[in-house]
Amino acid sequence: MPDPTDVTALGRHPDLRLASNRIAIGGAAVAFAVFAVWFLRTDDGSIVAAGFAAVSVFLGWAVSRELDPDRPDAATFALVLAFVAVFVDVPSALASGVALLAIRLAAGTVGAALRPADFVVLAGLTGIAAASPSLWVFGAAFAIYAWSAPEAQAHRLPARIAVVVGAVVGLGVAAWVTWFGEGFDVEITMEAYVLAAVAGTAMLLSVRRLEVGSPTDTGAGIVDGERVRLARVVAGAGLMWAAVFGGVAAFWALSPVAAALIVAAVYRVFVHPA
């Protein structure tokens, strides 16, 4: 069987020999079953919607693995919190997926240069982020990666071209919607500011200096603790931006990211203080 890392450096092979990975997949499966029954009984959604909600719960676990690579148990709590958040409002699997990969690149857990196929993905992710004003922070994270990440320098030209092309197309879509469509007029309520404050507090608590001992995906080195702190800033800033510029709905669309960041903050302050 070909090694998936020969095709992409962005993905991560789910090793079922690890208990944390089994918990993540099992948790997502249970979440799907629960949401399917709930949606069908309440007419709030469909089987497809239940599938996307279950994916979002899994993304809460995945984001936590990037924000706290040393502690798989933290990811389990993030998965549970992401599950609970769905009962407040169903998140966007697409928006959360974009955020996950922006956080992953910021954290440097990949540990290797991107593969050719990844540049297409990078362009697409940047385009999605640029087309949605509530995701602009994550779009900026892709640009920061392309211009400054050490592992991106081996292929800096295609990485930068991918980001620029994605940004131009995405911003063009955003401009079209603004001028010729319904626009992005969103009412920002006090609840949105409260949610932004919660995200900001979690970010500030989580970014205290930390040491990381986990290897990168390639095993060629140890994940840089400063990069993980940067990833937490990206997560927190992205959530705050979404709440303030996209409103309550935009924040809850990223609830898997919020779940992972809150758990990272709790672990940093109460479980592993330094």
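Ser-214 is in contact (heavy atoms within 4.5 Å) with Pro-69, Asp-70, Gly-221, Ile-222 and Val-223, leaving aside its neighbours within four places in sequence. The model is predicted: local features need pLDDT of at least 70, side-chain atom pairs count only at pLDDT 80 or more, and totals for chains, interfaces and linings use all residues. Residues are numbered from 1 along each chain as its sequence is written, and side-chain values use heavy atoms, with hydrogens and water left out.

Ser-214 is found in the loop between α8 (190–206) and α9. Helices here are DSSP runs of H or I with at least four residues, numbered from the N terminus; strands are E runs of at least two. Ser-214 counts as buried because its relative accessibility is 13%. Buried means under 20% relative accessible area, exposed over 50%, and partly exposed in between, with a 1.4 Å probe and protein chains only. The side chain of Ser-214 is joined to that of Asp-70 by a polar contact of 2.4 Å. A polar contact is a pair of N or O atoms within 3.5 Å; within protein, one must be able to donate a hydrogen and the other to accept it, and residues adjacent in sequence count only if both atoms are side-chain atoms.

A second polar pair involves helix α9 (residues 225–253), where Arg-227 has its place. Arg-227 counts as buried because its relative accessibility is 15%. Its partner, Glu-151, lies in the loop between α6 and α7. Glu-151 is likewise buried, because its relative accessibility is 16%. The two side chains make a polar contact of 2.8 Å. Not counting residues up to four places away in sequence, Arg-227 touches Leu-105, Ala-106, Ala-107, Gly-108, Ala-149, Pro-150 and Glu-151. On the same basis, Glu-151 touches Leu-105, Gly-108, Ala-112, Ala-113, Tyr-145 and Arg-227. Thr-178 is 27 residues from Glu-151 in sequence, and their C-alpha atoms are 36 Å apart in space.

Ala-113, one of the residues touched by Glu-151, lies in the loop between α4 and α5. Ala-113 is buried, because its relative accessible area is 18%. Beyond four places in sequence, Ala-113 touches Ala-9, Glu-151, Ala-154 and His-155. Leu-10 is 103 residues from Ala-113 along the chain, yet their C-alpha atoms are separated by 9.5 Å.

The largest nonpolar core has 75 residues. Such a core is a set of buried Ala, Val, Leu, Ile, Met, Phe, Trp, Tyr and Cys residues joined through side-chain atoms within 4.5 Å. Leu-67, Phe-142 and Leu-254 have the most contacts inside this core. Helix α4 (residues 93–107) gives the most to it, with ten residues. Leu-254 is in contact with Ala-95, Ser-96, Ala-99, Leu-135, Phe-138, Gly-238, Leu-239 and Ala-242, neighbours within four places in sequence left aside. Ala-93 also has its place in α4. Ala-93 counts as buried because its relative accessibility is 15%. Ala-93 touches Phe-52, Val-55, Ser-56 and Leu-59, not counting residues up to four places away in sequence. Ala-53 is 40 residues from Ala-93 in sequence and 7.1 Å away in space, C-alpha to C-alpha.

Helix α6 (residues 136–148) has 13 residues, and its end C-alpha atoms are 18 Å apart, in agreement with the expected 18 Å at 1.5 Å a residue. The expected span is 1.5 Å times one less than the number of residues. Buried residues in α6 are Val-137, Phe-138, Gly-139, Ala-141, Phe-142, Tyr-145 and Ala-146. Their cover includes α4, α5 (116–131), α7 (156–180) and α9.

Helix α1 has 24 residues and reaches 34 Å from its first C-alpha to its last, close to the expected 34 Å. Its buried residues are Ser-20, Asn-21, Ala-24, Gly-27, Ala-28, Ala-31, Phe-35, Ala-36 and Phe-39. These pack against α2 (47–67) and α3. The axes of α1 (residues 19–42) and α3 (residues 72–86) come within 10 Å and cross at roughly 10°. Axes are lines fitted to C-alpha atoms, for helices over the stretch in contact, and angles run from 0 to 180 degrees between N-to-C directions. The two helices, α1 and α3, are therefore roughly parallel to each other. Angles under 35 degrees count as roughly parallel, over 145 as roughly antiparallel, 65 to 115 as roughly perpendicular, and the rest as oblique. Asp-43 follows α1 and has a positive phi, near 60°.
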